[in-house]
Amino acid sequence: MAAEIPLGLADAIKFDSEDPIASARHEFYIPSRAEITQNEKIASPDAPSVYLCGNSLGLQPKLTRQLIDEELNVWAKNGVYGHFRHPNSRPWVTIDETVTSTMAAIVGAKKEEVAVMGTLTMNLHILMAAFYKPVKERYKVIIEHKAFPSDHYAVESQIQMHDLSVDEALVTITPPANSKVLPTDYIISVIKEHASTTTLLLLPGVQYYTGQAFEIQKITAYAKSLGIIVGWDLAHAAGNLELRLHDWDVDFAAWCTYKYLNAGPGGIAGLFVHENQSKRPRLTGWWAHEVRSRFTMDNQMKLQPGAAGFQLSNPSVLDTIALLGSLTVFGKYTMKALRAKSVALTGYLETLLLSRFPDRPFSILTPSDPEQRGAQLSLAFESGVMDEVNKVLQDNGVTCDERRPDVLRVAPIPLYNSFEDVWDFVDELRKAVDLVLARRNVERGLV
């Protein structure tokens with residue numbers, strides 16, 4: 001945002017009054033200050049807390065409880081018949097069909113290219129079993145150096161399953177000197193260097209630690225031009241960025257749904273397989289079998305077309321319904337509209353931070369260019385400061401996400417966060433930093 005944007009609380013309230021999707025906030029439970037702190041004596045206990053942690057766990061849509069209660073009632077009253085005879089026209093045997101279309105729209109895919117199933121790391125393993133096919137000449141996998149640990153472990157174990165050396169087969173992209181992020185041109189240079197021996201590239205759509213958004217289209221096109229299979233972990237991108245997985249010719253992708261997609265802790269995940277890649281040999285289970293003859297039980301596999309043919313077992317009904325609660329809200333808006341508000345919210349956050357903290361007790365790791373980030377800003381504090389600051393914030397009803405040793409991740413979510421939330425956060429952060437630095441000065445005898 002431009003520096004001249006008004007920065008007062010009244011201005012934030014005015015921005016909210018002009019927000020075309022402000023009503024979406026009312027579709028979510030916003031924990032009160034007393035609830036989030038578990039402190040009934042906190043000032044203004046019934047006021048909404050400031051929750052900027054949807055990059056870790058999204059808030060609960062109000063519809064979710066109703067939908068889950070409906071399924072519990074069907075289970076209680078209909079038992080096994082709920083699989084085929086459902087009073088709300090959601091038979092459990094095809095429960096994933098209630099969410100697939102909306103999910104496909106969110107990630108920019110055809111419905112047939114998306115399956116809602118499993119968990120993120122499990123889905124990455126399923127996909128790599130189909131797409132990672134090392135041969136003597138091409139056997140390497142390229143990832144980023146600070147990949148989310150579960151991704152790193154999954155890739156390592158896939159390499160080991162092929163009796164290959166991780167030291168030889170795993171290439172990690174480390175930022176160039178004096179950079180905290182990975183510029184696209186630098187990523188491309190590493191791909192070029194290892195192209196002749198690389199079979200798979202697996203990168204995040206948004207880097208979980210820095211908040212950097214990668215240029216998926218450009219990187220995918222370059223790697224594929226060199227004969228490399230390209231997959232993306234979209235844990236921090238799905239529901240956050242505008243995606244065009246089909247048009248960008250991405251080979252495969254996987255994501256969780258408990259962050260920006262608000263499906264609840266440990267929620268069911270999703271995967272994408274481009275229609276051009278959907279006939280690959282893969283691990284299978286009975287839910288990969290075509291629906292009409294699945295219960296014939298003749299042990300003659302007839303694969304479902306598209307990504308559905310990568311399913312293994314019947315999906316959890318309660319997990320899927322929890323996702324439906326959120327996707328019903330998503331279905332009322334376009335990703336273009338959500339992204340536009342997100343850019344405005346995060347830009348406003350950045351502007352306030354730069355204005356209110358001329359002393360710079362932290363640096364912002366996340367790129368300033370809106371095209372190179374999602375909702376999140378990552379604030380890197382001086383050594384040892386972040387824990388104390390975050391404790392003060394938590395005690396005052398402000399929720400962010402910490403990443404040790406010194407990073408505070410702050411993510412205003414367009415569906416339920418407001419400009420006033422952002423203003424309140426920066427105001428509370430200023431107070432917390434001042435308090436912590438004053439304590440430190442006293443301890444050092446500087447006061």
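1. In this predicted model, F84, W286, W287 and F295 are joined into a cluster by ring pairs. Across the whole structure, a search finds 13 aromatic pairs. Two of these pairs are taken up in the next points.

2. F15 and F419 make an edge-to-face aromatic pair. Their ring centres are 5.5 Å apart, and the planes meet at 65°, an angle over the 60 degrees that edge-to-face requires. F15 belongs to helix 1 (residues 9-17) and F419 to helix 13 (residues 419-443), so this pair ties together parts that lie 404 residues apart in sequence. Both F15 and F419 are buried.

3. F131 and F252 also form an aromatic pair, here a tilted one, with 4.8 Å from centre to centre and 35° between the planes. F131 is in helix 5 (residues 120-131), while F252 is in strand 7 (residues 252-255); the pair therefore ties together parts 121 residues apart in sequence.

4. Are F131 and F252 buried or exposed? F131 has a relative accessible area of 1% and is buried. F252 is buried too, with a value of 0%. The cut-off for buried is under 20% relative accessible area.

5. Arginine side chains also sit over aromatic rings. R85 lies over the face of Y81, 4.4 Å from the ring centre. For R282, the charged end is placed over the ring of F310, at 4.0 Å from the centre of that ring.

Key:
Residues numbered from 1 in each chain as written. Predicted model: local features only at pLDDT ≥ 70, side-chain atom pairs only at ≥ 80, totals over all residues. Heavy atoms only, no water. Phe/Tyr/Trp six-rings, centres within 6.5 Å; stacked < 30°, edge-to-face > 60°. Helix = DSSP H or I, 4+ residues; strand = E, 2+ residues; numbered from the N terminus. Buried < 20%, exposed > 50% of the residue type's maximum accessible area, 1.4 Å probe, protein only. Lys NZ or Arg CZ within 6 Å of the ring centre and 35° of its normal.
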